[in-house]
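Thanks for making the time this morning; I would like to walk through one model with you, going from its overall layout down to a single helix. Please have a look at it before I begin.

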Amino acid sequence: MDLFDIQREKNLKKEAPLAERLKPKKLEDFIGQEHIVGHGKLLWRAIKADRITSLILYGPPGTGKTSLAKVIANTTKSNFVQLNAVTSGVKDLKEVVENAQNIMGMYNKKTILFLDEIHRFNKAQQDALLPYVENGTLTLIGATTENPYFEVNNALISRSMLFKLELLDEEAIRKIILRAIHDCEFGLGLFEIEIQPEALEFLSSVANGDARRALNALELAALTTEKREDGKTYIDLDIMKECLQKRHIQYDKNNDYHYDIVSAFIKSMRGSDPDAALHYLARMISGGEDPMFIARRIVIAAAEDVGLADPNALVVANSAAQAVQFIGMPEGRIILAQAAVYVATAPKSNASYMGINKALKDTGEKNIGLVPIHLRDQSYGAARKMGHGLGYMYPHDYPDHYVAQQYLPDELLHTQYYTATENGYEKKVKERLNWLEGKKRSHE
């Protein structure tokens, strides 16, 4: 590195965004994620002892993945190399490996490779890492916003420790903001900022757990607000709202947060909580989810969780799906909301769902026998000669349009798949089934 390179590095550091400049240099400066880097926790001990093994950090943007890597870089005695999977390829990896082998041979010094956005590497690129992680040439620290179980090769996962970073709570965001305001070397201390408590509360809340988002908004407010006569920069709620107009929604249609929110939406409808159902519906809509995907989930819930406790739920859900396809968004949100609330507030029964699961299990695991001969089709020529349909009793020829006869195969006789509940309309279904059972016994 020559003098020009050194000066360029200094200039870049000086002009870097606040969030980059304020990254912690040591573990004691790291805020949040106490569940993995709290005093005495496994990762805390590993960093302190400089005993880092290959690991993968995953979680939402702005939660500290790169910051943790920087802390490790400043703490370790190993050679530390950083690559970004967006701009790097196998050629870059080969250079890192070659240097790592040379450093190990000459200085008996390990190399830690921090690979940001590791999910951007395809399978072949990830496979190129594997032998060097396996033989200890490289200690890998991978960072990703995606669920590594979906995006990272199983072979790499099995050789790495996984740490999930959660969205930062408001108190952690508040501490980071205040540090930025008072830090004269890397932060905004020279601006002599006075932030209104309501503005601080607003920023801490609306950042939604993303420290980078909070710091970017704070920096924008500081740079665009004129100092007053006393030399201080006053940031009030209106200024903060202008710099951060909309709460950031953590939702990506391709990652695990997507699945978490969809799961919560379904469970809220199943749990008869219309408010929670509407909340998660709003998060999906705000995140740009395909409205037909949402509609299909509502249709499934209507059949699986409401069932015959309210047969109309499936009609409403299916009609909503058709209407959303016909109307489109944004008006489709009203239709989806109505259907979700209907399913959430309807009486619940999963008897049909459990029944078909049990029946399918039997078809795969039991001798299910043949169709009783009196139920078989007799429409083709030879069927009658084989006795198909003989002895079948047509229910409409009998009182109450019912007659007791065998429908299940001999091997499954007396098997019960459907058990009606006492909920909603299904209570009437149960009463009728009990009445039919009584009629059947009277014929025996």
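How far apart do the C-alpha centres of domain 2 and domain 4 lie? In this model, which is a predicted one, those two centres are separated by 72 Å. For orientation, the protein is divided into domain 1, residues 33-164, domain 2, residues 170-249, domain 3, residues 256-348, and domain 4, residues 373-442.

The UniProt record, an unreviewed entry, carries the annotation "domain: AAA+ ATPase" for residues 51-178. Within the model, that span is 46% helix and 21% strand, and its end C-alpha atoms lie 32 Å apart.

Let me now turn to helix H16, which runs over residues 291-306 and reaches 21 Å from its first C-alpha to its last, close to the 22 Å expected at 1.5 Å a residue. At its start, a side-chain oxygen of Asp 290 comes to within 3.1 Å of the backbone nitrogen of Met 292, and after the helix comes Gly 307, whose phi is positive, near 55 degrees.

H16 is mostly covered, with 12 of its 16 residues buried, and among these are not just Phe 293, Ile 294 and Ile 298 but also Arg 297, Glu 304 and Asp 305. Arg 297 also lies over the face of Phe 293, at 4.6 Å from the ring centre. An α-helix has 3.6 residues a turn, so residues three or four places apart point the same way.

Elsewhere, Lys 25 lies over the face of Phe 186, at 4.1 Å from the ring centre, whereas the structure holds 0 aromatic pairs.

Methods: Residues numbered from 1 in each chain as written. Predicted model: local features only at pLDDT ≥ 70, side-chain atom pairs only at ≥ 80, totals over all residues. Heavy atoms only, no water. UniProt positions renumbered as here; feature names shortened; annotations may be inferred. Helix = DSSP H or I, 4+ residues; strand = E, 2+ residues; numbered from the N terminus. Expected span 1.5 Å × (residues − 1). Buried < 20%, exposed > 50% of the residue type's maximum accessible area, 1.4 Å probe, protein only. Polar contact = N/O pair within 3.5 Å; in protein donor to acceptor, adjacent residues only side chain to side chain. Domains from an automatic or database assignment. Phe/Tyr/Trp six-rings, centres within 6.5 Å; stacked < 30°, edge-to-face > 60°. Lys NZ or Arg CZ within 6 Å of the ring centre and 35° of its normal.
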